[in-house]
Amino acid sequence: MKEFDTIAAIATSIGESGISIIRVSGDKSKDIVDSIFIGKNNRKLNDFKTYTMKYGHIIDKKGIKLDEVIISYMKGPKSFTAEDTIEINCHGGVIGTNRILQEVIRAGARMAAPGEFTKRAFLNGRIDLSEAEAVMDIITAKTELSMKSALMQSEGSISREIKKIRNKLLNVIAHIEVTVDYPEEDIEEVTAGEVKDDVTSIIGEIDLLLSTADEGKILREGLSTVIVGKPNVGKSSLLNALVKEKRAIVTDVPGTTRDAIEEYISIEGIPVKIVDTAGIRETEDIVEKIGVETSKQKIDEADLVILILDWSNKLSKEDMEIIKYIKEKKYIVLLNKSDLGGKIEREELQSLKSKYITNISIKTGEGLNKVKEQIKDLFFKGEIKTEGVFVTNNRHKEALIRAKENLESSLNAIEYTSAIDLASIDIRNAWTDLGDITGEALDEDIIHKIFSEFCLGK
């Protein structure tokens, strides 16, 4: 990839709309757009001042007008990419927007790769890597709370915490180096005990960040929740009740649901992905059998399992097989059809070993409000926090874990050898691990992979 070509892409969704935006970034952006733009009284862009807009038309190589547009100009480094950037605001629509983009490419720009605008902002020092990743999280946010969390990260909330810890590690490393390399100088020596205290304190700060990772992952990706049970216990009815629309087909015929159906709901700002699965049972129907295998796969991938049992009937062999299958997962149990009377004894449910067992009636709505409360209790200790720093990215979590492991290794070196110079090697590794989060110590191939997952025009 030629990192300093002038690049262009459509920055808005493709489709019918009032406005579409073509973004152009690079040192030739002004000249490129000037070659295909005719302003009022045929004026060109020689006097185009930064942070201003001009009205005119985009023309093709024959001088034929393609669309009337308004263009805006942001001179680097005071732009998102820290490069000269022009945005062409044209009428929305697939044909017109793509036609203008073709003219921009013909005039000398290169089609931007996915995430390349944000990558340039990172390479030019406009943002660090964790802030860049937050840009994509803002775009894909499922609820206001996940949007708020991503926005805080894009403004540097994680970066500031990581930089504080790295500075503390750097201070420890510097003291060790001075003590080891210049013993003859009249400098206060750092002792093994002091290094141990400092490292232990820093491990505590890392643990505090790691403690937010589970909630942070849910904020970013949503809580993956699977509804399971044998056929015809009310799984699809529960999905419809939670999303408040008829999303799944409901009949009295067992085995109606053949494939997994996914929908999102919000619990106080937390995105919850609800998956309605095929009823789990032995079957000779080839299509239904595939659905059952898909259900088991979804259970394995889920953060939470909602098990529905038919309270109006005795526990069956199929019920017991499902109970056995989910016993290692986090789950809640709903005893449906409570309006028809109960035939399952509580003693029969002892193998579930769960305090989250609730009588409900999806038909009448009884007990449904408790489902959301139980999810909050199980994953957020009953209270969903809306403030504070959250580790929402798995890559960040892994880097924090590696840093902690290296710091624990440094403590072992001090404990068994009292050699602070040996401990310094592990402390340096921890410092590098944390630099992976902000991009200050990350391999170029990994950086390219991260930005390749972005959408075009961003």
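**A surface patch and a buried strand**

Visitor: Which residues make the nonpolar surface patch of about 310 Å²?

Guide: The model discussed here is predicted. In this model, about 310 Å² of surface forms a nonpolar patch. The residues that make this patch are I14, V94 and I95.

Visitor: Does V94 count as buried, partly exposed or exposed, and what places it there?

Guide: V94 belongs to helix α2, which spans residues 94-106. Buried requires under 20% relative accessible area and exposed over 50%. Because its relative accessibility is 40%, V94 counts as partly exposed.

Visitor: How many residues of strand β12 are buried?

Guide: Strand β12 covers residues 331-336 and is mostly covered. Y331, V333 and L335 point one way, while I332, L334 and N336 point the other way, and all are buried. In a regular strand, side chains alternate between the two faces of the sheet. The number of buried residues in β12 is 6 of 6.

Visitor: In β12, which residue is the bridge partner of I308?

Guide: Strand β11, residues 304-310, runs parallel to β12 and is joined to it by 6 bridges. Within this pairing, I308 has as its bridge partner in β12 the residue L334.

Visitor: Is the β-α-β crossover from β11 to β12 right-handed or left-handed?

Guide: From β11 the chain passes through helix α11, residues 317-326, before it reaches β12. This β-α-β crossover is right-handed.

Visitor: In β13, which residue is the bridge partner of V333?

Guide: β12 also pairs with strand β13, residues 357-359, in the parallel sense over 3 bridges. The bridge partner of V333 in β13 is I357.

Technical notes: Residues numbered from 1 in each chain as written. Predicted model: local features only at pLDDT ≥ 70, side-chain atom pairs only at ≥ 80, totals over all residues. Heavy atoms only, no water. Patch = residues over 30% accessible without salt bridge, like charges linked within 9 Å, V, L, I, M, F, W, Y side chains within 5 Å. Areas by Shrake-Rupley, 256 points an atom, 1.4 Å probe, with all protein chains shown as cover. Salt bridge = Lys/Arg side-chain N within 4 Å of Asp/Glu carboxyl O. Helix = DSSP H or I, 4+ residues; strand = E, 2+ residues; numbered from the N terminus. Buried < 20%, exposed > 50% of the residue type's maximum accessible area, 1.4 Å probe, protein only. Pairing = 2+ DSSP bridges. Right-handed = clockwise from strand over helix to strand, strands pointing away.
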